[in-house]
Amino acid sequence: MTTSASVPAGSGSALHGDTVTDRLIDANERYAARFTDPGMDARPVLHVAVVACMDARLDLHAALGLELGDCHTIRNAGGVVTDDVIRSLTISQRKLGTRSIVLIHHTNCGLESITEDFRNELEMEVGQRPAWAVEAFRDVDQDVRQSMQRVRTSPFLLHNDDVRGFVFDVKTGLLREIDPE
């Protein structure tokens, strides 16, 4: 694995040094040199929004056979349906035409190994308690069910009849559908 500390000298910008961000900006310049406007707007072609964990092991487009423009993708730690996720889904549905929602959690999630005490630890360290909940969990299936319920009961969402939840297995790449019960 390459880290910003092991990037060879001279590969980053002279202005900022040799960091991972410099490598990303360099990659963007190469991308932009080949870029052509795809001629699409912000409305996803498949009328679907995917809410998933931010885990770097999940390549959602590849795992779901998606192309650029197919879906809206909303990611956060755990793929938790928070107020901000509801905000994004509401905009996605009401202003940009999505009708289906796919929720994807995964095996071996970092939120399974921490607790809400993390907020206490942060408060002790920085002197301020976070306003947000960690949303840690022990049972990934139950957490998917909870997320489906939050989506289905939101008064802001127009379309809650096609909400499905899955657990992505990080070892096999397979999705397992969760019964909402």
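Begin by selecting strand S3 and displaying its side chains: Ser100, Val102, Ile104 and His106 point one way, Ile101, Leu103 and His105 point the other way, and all of them are buried. The strand spans residues 100–106, and seven of its seven residues are buried, which leaves S3 mostly covered. Please note that the model on display is a predicted one.

Next, keep S3 in view and add strand S1, residues 48–53. The two strands run parallel and are joined by five bridges. Within this pairing, select alanine 52, which stands opposite isoleucine 104 of S3.

Now add strand S4, residues 163–168. S4 also pairs with S3 in the parallel sense, here over six bridges. Isoleucine 104 serves again as the reference point, since phenylalanine 166 of S4 stands opposite this residue.

Then turn to the surface and select Glu116, Asp117, Glu121 and Glu125, which form a negative patch. Glu125 belongs to helix H4, which covers residues 117–126. Is this glutamate 125 buried or exposed? Its relative accessibility is 67%, and because exposed residues are those over 50%, glutamate 125 counts as exposed.

Finally, clear the selection and view the whole protein as a cartoon. Five helices and five strands make up its secondary structure. Traced from the N terminus, the elements follow the order α-β-α-β-α-β-α-α-β-β. Along the principal axes, the C-alpha atoms fill a box of roughly 55 × 50 × 35 Å. Colouring by burial completes the tour: of the 181 residues, 35% count as buried.

Notes. Residues numbered from 1 in each chain as written. Predicted model: local features only at pLDDT ≥ 70, side-chain atom pairs only at ≥ 80, totals over all residues. Heavy atoms only, no water. Buried < 20%, exposed > 50% of the residue type's maximum accessible area, 1.4 Å probe, protein only. Helix = DSSP H or I, 4+ residues; strand = E, 2+ residues; numbered from the N terminus. Pairing = 2+ DSSP bridges. Patch = residues over 30% accessible without salt bridge, like charges linked within 9 Å, V, L, I, M, F, W, Y side chains within 5 Å. Areas by Shrake-Rupley, 256 points an atom, 1.4 Å probe, with all protein chains shown as cover. Salt bridge = Lys/Arg side-chain N within 4 Å of Asp/Glu carboxyl O. Lys, Arg positive; Asp, Glu negative; His and termini not counted. Charge placed at Lys NZ, Arg CZ, Asp CG, Glu CD.
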